[in-house]
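Visitor: I would like to learn how to read a structural model feature by feature. Could we take the general idea each time and then turn to the case at hand?

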Amino acid sequence: MTPTTTPSIPTPTPTPTPSDPARLRAAADFVRAQDTATLLPLLLPGLDAVETRALVEHCRFSHAALLVFPPDLPALHAQLAACGLTVDPATPPTPSVVVRDRLAARHRLDAAGLDVRILRPPVHGPHGGDRTVEVFLLARDAEGTPGGVAALAEEERAEEHEAHVAFAVARPDPLVLRGICAILARRGARPDGGGYNPHEDGTVFYFTAPEDAKSGYRRVELYVPGDHREVLTGHLTPPEEAAPAPTPAPQPPAETLLRLLTGAWTTQALATFAQLGIPDAMSTRTAVAAGPLARRTGTDPGSLARLLRYLTMLGVVTGTPDGHRLTPSGALLRTDTPGSLRPLALLYGGPFYESFAALGHTVRTGRTAFDHHFGAHHFDHFARRPELADLFDRSMAASTRMFAPLAAHPVVTAAAGSPTPATVVDIAGGNGALLAHLLPAHPRLHGVLLERPHVIEGARRTLAAARCADRCVFLAGDFGDVPPGGDVYVLSRILHDWDDDRCREILRQCARAMPAGADLLIVERLLPADGGPSLAVSWDLHMMCNVGGRERTAAHYAELLSGAGLDLLSHSPLPLDAHVLHVRKAGRTGAGTDVGTDAGAGAGRAAGDSALVV
């Protein structure tokens, strides 16, 4: 009998560990493709809308990180260049204290003998936002590891212990930090170390991502400028060792009311700080004493010191033994900060501050306080004073960060992927900031901007600076001139300027122009249906006082849209407590169907008039 031979089971071939260049390229591609609003649900699948809104408001996706082991720094520069990443060779890498200590603890090495450094080559995101690939490097000939780093590098590449995605916290207030950490913990992220890096004056909080995370990264970092070791201590303390938090004593009612009554002082302190150019003479890294700062800004040293003390209490500046420096919030009042809020500080501390003093007139009569105080509608008042018109235009630009996620909205991406070039029509598009977000992100999209004649030139400049003016048609007109044939129509911060009747007229004009398959996106702040806190509640008072318009709930907008022959399909959150509403024609009736009458006097006013309040 011929003996049978049991076939051997082949040994599986292990998956090779990717090389450092391949890992760098994958990280760069990931950073280029992601943004805050789309990445958060992948990392934390259980997030609800309220939590997402809170995180998007306070955090921004800043980088993806990895640890590499180049032969030397020039070799790493060459690897980065091959991935389309560049750094200035003259800029030395920054020491990494946190990763050095983690690496030493894992491999039982002397941390003092490890020289871990950081490079951050910049990357442009999908909407033009700047972020980086954070590259930790440990040279292969490091002296602090017995026999070099070959064995250590093999394990680290395979396990990716230091690979993570990171979010920068915009306003590092301790209460905000604790709230962000609580949301991450509630959605399954577990504390996984952290530390303070004195070389950068920044604190990092590491988390292990939930098991159902879909981002491909297992760790999440919060990066917070400044020294926040007090909050970090609670993050690093195991729950079983943490002492129960003391119950805060209730604030006496009189003290609560007094703090509320001094809100006007806060507005004027911030406006004065900005108006005198004090933030421009400060930085977030180097402290300056009141005396030298007063000489730089032409202010009184004693008065300036007292103003800085008040702003320290607000978290706008921070005090050090050497003086004061700006916090990230305070830096937003610098003239040269991208997305500077300085124009808003001047506007809210200037004409709108004056008009709010007449709020009682609005509450008594129902008529706008601005008209009563200045004797003219704010549009006419600004038109007679070019410096105010310019301030207002810059104030509108300061709020455009809410547009960042729109380029990834399914309606926009579907239009961008259309077989034939699609057109986005921005109705009362102001200075063109929204189209300047959408068109560069999608090179096949075309735009139409409808605005008042004297606003058009500013919009041309905005879109020319974004290098997409050649794909945009600039149409001078009002709401009665909404062009037909577009694929996506946009009303951004328009409807809250008007009462319900005028809103219906504007929406009917949009419906008349929209083909059957077109989409309408409406950007507004929504009043919470449950009466909870929201910026929309504050802006509703602002609209009542200064414009005669109002903020609305989603249900209120659905009712207005229905009256114009349109259906509200969905709404999703944007930064700054805004929302984008997705709208289509009711029943998707055929193109050219008349769903309303011509706009009357309300909608016939210049389209840009309704974009006159931030």
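**Reading the model step by step**

Guide: The protein exposes about 28,500 Å², and carbon and sulfur atoms supply 57% of that area. Please keep in mind throughout that this is a predicted model.

Visitor: How much of the protein counts as buried, and how many helices and strands does the secondary structure hold?

Guide: Of the 614 residues of the protein, 49% count as buried, and the secondary structure comes to 26 helices and 18 strands. Contacts add another view: among those in the protein with a separation of 6 or more, 70% are between residues 24 or more positions apart.

Visitor: Let us take burial of a single residue. Is Val 133 buried or exposed?

Guide: The general idea is a cut-off, since a residue is called buried when its relative accessible area is under 20%. Val 133 is therefore buried, because its relative accessibility is 0%. This residue is found in strand β5, which covers residues 130-137.

Visitor: Which residues does Val 133 touch, not counting those up to four places away in sequence?

Guide: The residues that Val 133 touches include Ala 27, Ala 28 and Val 31, then Ala 64, Leu 66 and Leu 85, and also Leu 119, Arg 120, Pro 121 and Val 123. One may also look at spacing along the chain against spacing in space: Val 133 and Val 165 are 32 residues apart in sequence, and their C-alpha atoms are 9.4 Å apart.

Visitor: Where are Leu 152 and Pro 174 found, and how do I read their accessibility?

Guide: Leu 152 has its place in helix α6, residues 150-159, and with a relative accessible area of 7% Leu 152 is buried. Pro 174 lies in helix α7, and at 37% relative accessibility Pro 174 counts as partly exposed, because that value falls between the cut-offs of 20% and 50%.

Visitor: What are the C-alpha separations for these two residues and their partners, Leu 103 and Val 231?

Guide: Leu 152 and Leu 103 are 49 residues apart in sequence, with 9.3 Å between their C-alpha atoms. For Pro 174 and Val 231, which are 57 residues apart along the chain, the C-alpha separation is 6.7 Å.

Visitor: I would now like to turn to cavities. How many of 30 Å³ or more does the structure hold, and what volume has the second largest?

Guide: The structure holds four cavities of 30 Å³ or more, and the second largest has a volume of about 60 Å³. When reading a cavity, one asks which residues line it and what class they belong to. Here the lining of the second largest cavity consists of Leu 40, Leu 43, Leu 44, Leu 55, Cys 59, Phe 167, Ile 180, Leu 184, Val 220 and Leu 222. By class, these are ten nonpolar residues, with no polar and no charged residues.

Visitor: Which elements supply at least two residues each to that lining?

Guide: They are α2 (36-43), α7 (174-186) and β9 (219-225). Pro 174, discussed above, also lies in helix α7.

Visitor: How should I read a backbone angle such as phi?

Guide: Most residues other than glycine have a negative phi. Arg 467, however, has a positive phi near 60°, and Leu 576 likewise has a positive value of about 60° although it is not a glycine.

Visitor: Where do Arg 467 and Leu 576 lie, and is each exposed, partly exposed or buried?

Guide: Arg 467 is found in the loop between α22 (453-465) and β14 (472-476), and with a relative accessible area of 77% Arg 467 is exposed. Leu 576 is found in the loop between β17 (566-574) and β18 (578-585), and at 23% Leu 576 is partly exposed.

Visitor: Is a residue in a loop such as Asp 497 buried or exposed?

Guide: Position in a loop and accessibility are best read separately. Asp 497 has its place in the loop between β15 (488-492) and α23 (500-513), and Asp 497 is buried, with a relative accessible area of 5%. The side chains of Asp 497 and His 496 are joined by a polar contact of 3.1 Å. Asp 497 and Asp 540 are 43 residues apart along the chain, and their C-alpha atoms are separated by 9.9 Å.

How values were computed
Residues are numbered from 1 along each chain as its sequence is written. This is a predicted model: local features need pLDDT of at least 70, side-chain atom pairs count only at pLDDT 80 or more; totals for chains, interfaces and linings use all residues. Side-chain values use heavy atoms; hydrogens and water are left out. On a 1 Å grid over the protein atoms alone, a cavity is a set of points where a 1.4 Å probe fits but cannot get out, and a pocket is an open set with protein on both sides within 12 Å along at least five of seven lines; lining residues have an atom within 4 Å of a point. Grid points are joined across faces, edges and corners, and a volume is the space filled by probe spheres set on the points. Helices (H or I, at least four residues) and strands (E, at least two) are DSSP runs, numbered from the N terminus. Ala, Val, Leu, Ile, Met, Phe, Trp, Tyr, Cys and Pro count as nonpolar, Asp, Glu, Lys and Arg as charged, and the others, Gly among them, as polar. Buried means under 20% relative accessible area, exposed over 50%, partly exposed in between (1.4 Å probe, protein chains only). Contact means heavy atoms within 4.5 Å. Accessible areas come from the Shrake-Rupley method with a 1.4 Å probe; for residues, only the protein chains shown count as cover. A polar contact is a pair of N or O atoms within 3.5 Å; within protein, one must be able to donate a hydrogen and the other to accept it, and residues adjacent in sequence count only if both atoms are side-chain atoms.
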